[in-house]
Amino acid sequence: MLDAVIAAVRAVAQQEIIPRYLRVTRQRKTDGSLITEADLATQEALSRELRKICPGAVVGEEMTEQDQIDQWLAGDAGLWCMDPIDGTSNFVNGLPYFAVSVALMRQGRSILGVVYNPVADEMFYAEQGSGAYLNGEKLPIKEHVPLLRSAMANVDLKRLSAKLAAGVCTERPFSSQRNYGSCALEWCYTAAGRFDLSLHGGQKLWDYAAGCLILEEAGGHMCGFEQDDFWAEPLWQRPVIAALDQGLFLQWRDWVRAHR
């Protein structure tokens, strides 16, 4: 099944996304976020192809909120969760940091995840219990474990509380901070060892469904602001504290919670 999903994601990205890259017009959704015809065409094509692989419910970012809820409730035994273009703002502005994200979920947890950056041709993927990979190479790619103060951190500041954001900026417990605007790729970069730490104030289901499995299968660790069990946090908007190395993760978790 994993090979079939990888093939479907790559084919849809090449057919629906790449021809529209740098050529697409944007619109605003009611929540202010961007949407393009590429998002809609990709979601439609992926929904069709994924149901051929495993029939079932599909939750996509570009559905209405009620449709998302209805599909979720109908898909406990098997559910596809997708973000057709994670990083739409990057996509429409010509920044080559966006991805297709697809997860197969059962009983509320991800069992298969695929994240594909079509510009870089980087395919991250994992199956539960089988490890995580980038283009056939087992993750993590590098396993250097720095001290917290010398770590590279991915932090989305705009979704943090004012207190926590101020603490991150003024105390800066790490060496350097980045945020490139694609949650799915940020999970995968942490799994690969490109980021040492990750912090986000609230990701949607389709933001974390594939990436969290890839990090977990790479040996990484994650939790929320309140719960050590990441999966116990609220389904539709879930905060993320994550790191590849366990010791570094514990230091990072404790620092974040102490500064909330």
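**Figure legends: a predicted protein model, view by view**

The mean positions of the 25 positive and 33 negative charges of the protein sit 4 Å apart. Keep in mind throughout that this is a predicted model.

**View 1. The whole chain, before we zoom in.** Here you can pick out eight helices and 14 strands. The C-alpha trace spans about 45 × 40 × 35 Å along its principal axes. For 260 residues, a compact globule would have a radius of gyration near 18 Å, and the protein's 17 Å agrees with that.

**View 2. Inside and outside.** Of the protein's 260 residues, 57% count as buried. What is left showing adds up to about 11,200 Å² of exposed area, with carbon and sulfur atoms supplying 48% of it. Now look at who touches whom: taking contacts between residues at least 6 apart in sequence, 63% join residues at least 24 apart.

**View 3. F230 and its company.** Find the loop between strand 13 (221–223) and strand 14 (238–243), and you have found the place of F230. Is this residue buried or exposed? With a relative accessibility of 2%, F230 falls under the 20% cut-off, so it counts as buried. Setting aside neighbours within four places in sequence, F230 is in contact with W187, Y208, C212, M222, C223, G224, R238, P239 and V240. One of these partners, C212, is 18 residues away along the chain, and its C-alpha atom is 9.2 Å from that of F230.

**View 4. Y21 meets F91.** The structure holds 17 aromatic pairs. One of them is formed by Y21 and F91, and this pair is stacked, with 5.8 Å from centre to centre and 25° between the planes. Why does this pair tie together parts that are 70 residues apart in sequence? Because Y21 lies in the loop between helix 1 (2–17) and strand 1 (26–28), while F91 lies in helix 4 (residues 88–92). Both partners are tucked away: Y21 is buried, with a relative accessible area of 13%, and F91 counts as buried too, at 0% relative accessibility.

**View 5. A cluster of rings.** Which residues do ring pairs link into a cluster? Look for Y97, F124, Y180, Y189 and F195. Ring pairs connect these Tyr and Phe residues to one another as a group.

Definitions and conventions
Residues are numbered from 1 along each chain as its sequence is written. This is a predicted model: local features need pLDDT of at least 70, side-chain atom pairs count only at pLDDT 80 or more; totals for chains, interfaces and linings use all residues. Side-chain values use heavy atoms; hydrogens and water are left out. Helices (H or I, at least four residues) and strands (E, at least two) are DSSP runs, numbered from the N terminus. The radius of gyration is taken over C-alpha atoms; the globule rule is 2.2 Å times the number of residues to the power 0.38. Buried means under 20% relative accessible area, exposed over 50%, partly exposed in between (1.4 Å probe, protein chains only). Contact means heavy atoms within 4.5 Å. Accessible areas come from the Shrake-Rupley method with a 1.4 Å probe; for residues, only the protein chains shown count as cover. Lys and Arg count as positive and Asp and Glu as negative; His and the chain ends are not counted. The place of a charge is taken as NZ of Lys, CZ of Arg, CG of Asp or CD of Glu. Rings of Phe, Tyr and Trp (its six-membered ring) pair if their centres lie within 6.5 Å; planes under 30 degrees apart count as stacked, over 60 as edge-to-face and the rest as tilted.
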